[in-house]
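Student: I'd like to learn how to read a model like this one. Can we go through it feature by feature?

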Amino acid sequence: MLEGVSRSFGNRPILKEISLRIRRGELFGLLGPSGSGKTTLIKLITGIDAADGGRITVLGNLVPSLPLLGKIGYMAQSDALYGELTAKENLMFFGAMFELRGARLAERIGDALATVGLTQDAGKLVSRFSGGMKRRLSLAVALLHEPELLILDEPTVGIDPALRVSIWASLLALRERGTTILLTTHVMDEAERCDRIGLIRDGSLTAVGSPAALKANTGAATIEEAFIRLGGDRS
Ligand SMILES: Nc1ncnc2c1ncn2[C@@H]1O[C@H](COP(=O)(O)OP(=O)(O)OP(=O)(O)O)[C@@H](O)[C@H]1O
């Protein structure tokens, strides 16, 4: 939950008094033009960056909170992987950080690799991976410890359409199991699949609602049209 959250860089306000309550178990999408503040907001929610004003609580904990880190899975926009390790070794490393070990770790690694379609590539060095494969491995890392809240910054950038479909199927399955998912996207048909979306423009949350409600409120046929009518640019 965010209450009046603000963040400036220098004299420049980047986020202005953002208040938002994301419900447990929902798939929430943040949509906004490039530079509107989506990544900044996500970093505040994870506790990586600190707000200048306002209050953020996640799963009942005031952010930042060390115990919270074990309950969150975060996939940043740039991949933080070890190129000199294989995909499986990367997952073993990150799994150990989340105190997974033994049979449980092996089971989670198998599950996460299958979810992102990398089972056949488990033994390959990450430095030989394509950009899309690295994105998929980053997603596997984020969901390895079965976090209650999954925060994904543009999870499907650089991923081909067929795999995007399968990743979305996995996200929806995780949501069915009760995982709360917060993601940013530029892709309108992805926004359409979220339970609710929040539109950000110039650091302000301009609208929040289900895709159907946002379309109905603006009389738009598509979410892209609703987004433009609500003052967003094509992103
Ligand atoms: N550490 C920083 N120092 C100064 N300015 C920053 C910093 N981080 C972000 N900004 C600025 O804040 C604004 C919002 O950036 P942010 O990355 O949150 O946008 P975004 O909506 O995630 O964009 P995109 O969709 O392109 O990823 C940009 O103008 C960016 O240049």
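Student: Which residues surround the ligand?

Tutor: Keep in mind that this is a predicted model. A residue counts as part of the shell if its C-beta atom, placed from the backbone, lies within 6 Å of the ligand. Here the shell consists of Phe9, Ile14, Gly32, Ser34, Gly35, Ser36, Gly37, Lys38, Thr39 and Thr40.

Student: How many of the shell residues are nonpolar, polar or charged?

Tutor: Two are nonpolar, seven polar and one charged.

Student: And which helix gives the most to that shell?

Tutor: That's H1, residues 38–46, with three residues.

Student: Now the sheet. What is the order of its strands?

Tutor: The general idea: strands of a sheet pair through backbone hydrogen bonds, either parallel or antiparallel. In this case six strands form an open sheet, ordered S6-S7-S8-S3-S9-S10, and the pairing is mixed. S6 (72–75) and S10 (204–209) each have a single partner strand, so one side of each lacks a neighbour in the sheet. From one strand to the next, the twist averages 15°.

Student: How do S6 and S7 run, parallel or antiparallel?

Tutor: They're parallel, joined by four bridges, with S7 covering residues 149–153. One to look up: Ile72 has Leu149 in S7 as its bridge partner.

Student: Which helix touches S6 and S7 at about 165° to S6?

Tutor: H5, residues 131–143, packs on the sheet there. H1 lies across S3, S6, S7, S8 and S9, at about 150° to S7.

Student: Where does UniProt place the ABC transporter domain?

Tutor: Its unreviewed entry puts that domain at residues 1–227. In the model, this span is 37% helix and 25% strand, and its end C-alpha atoms lie 23 Å apart.

Methods
Residues are numbered from 1 along each chain as its sequence is written. This is a predicted model: local features need pLDDT of at least 70, side-chain atom pairs count only at pLDDT 80 or more; totals for chains, interfaces and linings use all residues. UniProt positions are given in the numbering used here, feature names are shortened, and annotations may be inferred rather than shown by experiment. Helices (H or I, at least four residues) and strands (E, at least two) are DSSP runs, numbered from the N terminus. Ala, Val, Leu, Ile, Met, Phe, Trp, Tyr, Cys and Pro count as nonpolar, Asp, Glu, Lys and Arg as charged, and the others, Gly among them, as polar. Two strands pair if DSSP finds at least two bridges between them. Axes are lines fitted to C-alpha atoms, for helices over the stretch in contact, and angles run from 0 to 180 degrees between N-to-C directions. Two residues are in contact if their C-beta atoms, placed from the backbone, lie within 7 Å.
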